[in-house]
Amino acid sequence: MAHQDSARSIGGDFLAALKRTFVPVILPLAAMWVMFVLSLLLGNWFNRTLALNARDFSGLIGIIFMPLLHGGFGHLLGNTMSWILLGGITSMLTRQFTKVMVALWLLSGAILWIIGTPWVCHAPAGSGCVVNHVGASTVIYGFAAFIVTYAILARRFLAMLFGVFVAFVYGISMLIGMLPITPGVSWTGHLSGAIAGVVVAFFFTKEARAQRQLGASAPAEVAAPPKKLSRSHRSGKKDDDAGDGMEIDYSKYI
């Protein structure tokens, strides 16, 4: 009976961790699909009005809405798969997924508004340049760059495992996506997302880097003094940026 209760409790904790990890990833994705359907019904009004137009004050609104807008079903479907995978990995690496996502969202959009095309045109002859930028690719590239940079800086096992996976699976294609060689692709958007990912990862690994430097500077033979517990530890809660997002405390079941 005790074993059944323990197994049931572990299962409940796992489902709660799964919900905490993936619900924040799915909600923005659901908003993208809702915006796409509404855009079809309204004759592409959202893409014409809410897209990001670089260095145009009327295009500043695109910093907020651009990741929600897509140019077609194939565009949205491709970004959906990458969003679930890379967003899910990001959420498993940090309990602060929403803060990371918002930071990537806004910073990548701001960078794109400054450096974005269309003054360089790579569209096929006679087709004209795409003036406005749409799509969640900026945030997706931000996720990828965040994961790899986080792995390098935090040096935690799970982070390094995910970092190697992302670099191996997405590395070459994303490097190509940041070059002005594919017509109709916002390479400056991809580049902006990658820059934002590196910057945000530096910010969110500040504590991990400080702890590693402290450990490296202390003599190996001298025992480190006991760490003062934070208020969250004294109250039984974990710090938001400590450990991994899917971490479950199994000690209470032993």
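Helices, taken here as DSSP runs of H or I with at least four residues, and strands, taken as E runs of at least two, are numbered from the N terminus. On this basis the protein chain of the predicted model holds 10 helices and zero strands, and its elements, read from the N terminus on, follow the order α-α-α-α-α-α-α-α-α-α. Of the 254 residues in the chain, 40% count as buried. Among contacts between residues at least 6 apart in sequence, 78% join residues that are at least 24 apart.

The largest nonpolar core comprises 44 residues, of which Trp83, Leu86 and Phe143 touch the most other members. Two or more residues are given to this core by each of helix H1 (2-41), helix H2 (45-50), helix H4 (73-93), helix H5 (97-115), H6, H7 and helix H8 (187-204), and the largest share, 11 residues, comes from H6. The surroundings of Trp83 can be described in detail: when its neighbours within four places in sequence are left aside, Trp83 is in contact with Val25, Pro28, Leu29, Met32, Gly88, Met101, Trp105, Ala136, Val139, Ile140 and Phe143. A second core, separate from the one described above, has five residues, among them Leu52, Met66, Leu112 and Trp113.

Two helix pairs were examined further. The axes of H4 and H5 come within 9 Å and cross at roughly 125°; because this angle lies outside the ranges that count as roughly parallel, antiparallel or perpendicular, H4 is oblique to H5. The crossing of this pair is right-handed. In the contact, Trp83, Gly87, Thr90 and Ser91 of H4 meet Phe97, Val100, Met101 and Trp105 of H5, and these residues divide into five nonpolar, three polar and no charged.

For helix H6 (residues 137-154) and helix H7 (residues 157-177), the axes come within 8 Å and cross at roughly 135°, and the two helices are therefore oblique to each other. H6 passes H7 in a left-handed crossing. On the H6 side the contact is formed by Ile140, Tyr141, Ala144, Ile147, Val148, Tyr150 and Ala151, which meet Ala159, Met160, Phe162, Gly163, Val166, Ala167, Ser173, Met174 and Gly177 in H7. By class, the contact of H6 with H7 has 13 nonpolar, three polar and no charged residues. Ile140, listed in this contact, also appears among the residues in contact with Trp83.

Conventions:
Residues are numbered from 1 along each chain as its sequence is written. This is a predicted model: local features need pLDDT of at least 70, side-chain atom pairs count only at pLDDT 80 or more; totals for chains, interfaces and linings use all residues. Side-chain values use heavy atoms; hydrogens and water are left out. Axes are lines fitted to C-alpha atoms, for helices over the stretch in contact, and angles run from 0 to 180 degrees between N-to-C directions. Angles under 35 degrees count as roughly parallel, over 145 as roughly antiparallel, 65 to 115 as roughly perpendicular and the rest as oblique. A crossing is left-handed if the near helix is turned anticlockwise from the far one by less than a right angle, and right-handed if clockwise. Contact means heavy atoms within 4.5 Å. Ala, Val, Leu, Ile, Met, Phe, Trp, Tyr, Cys and Pro count as nonpolar, Asp, Glu, Lys and Arg as charged, and the others, Gly among them, as polar. A nonpolar core is a set of buried Ala, Val, Leu, Ile, Met, Phe, Trp, Tyr and Cys residues joined through side-chain atoms within 4.5 Å. Buried means under 20% relative accessible area, exposed over 50%, partly exposed in between (1.4 Å probe, protein chains only).
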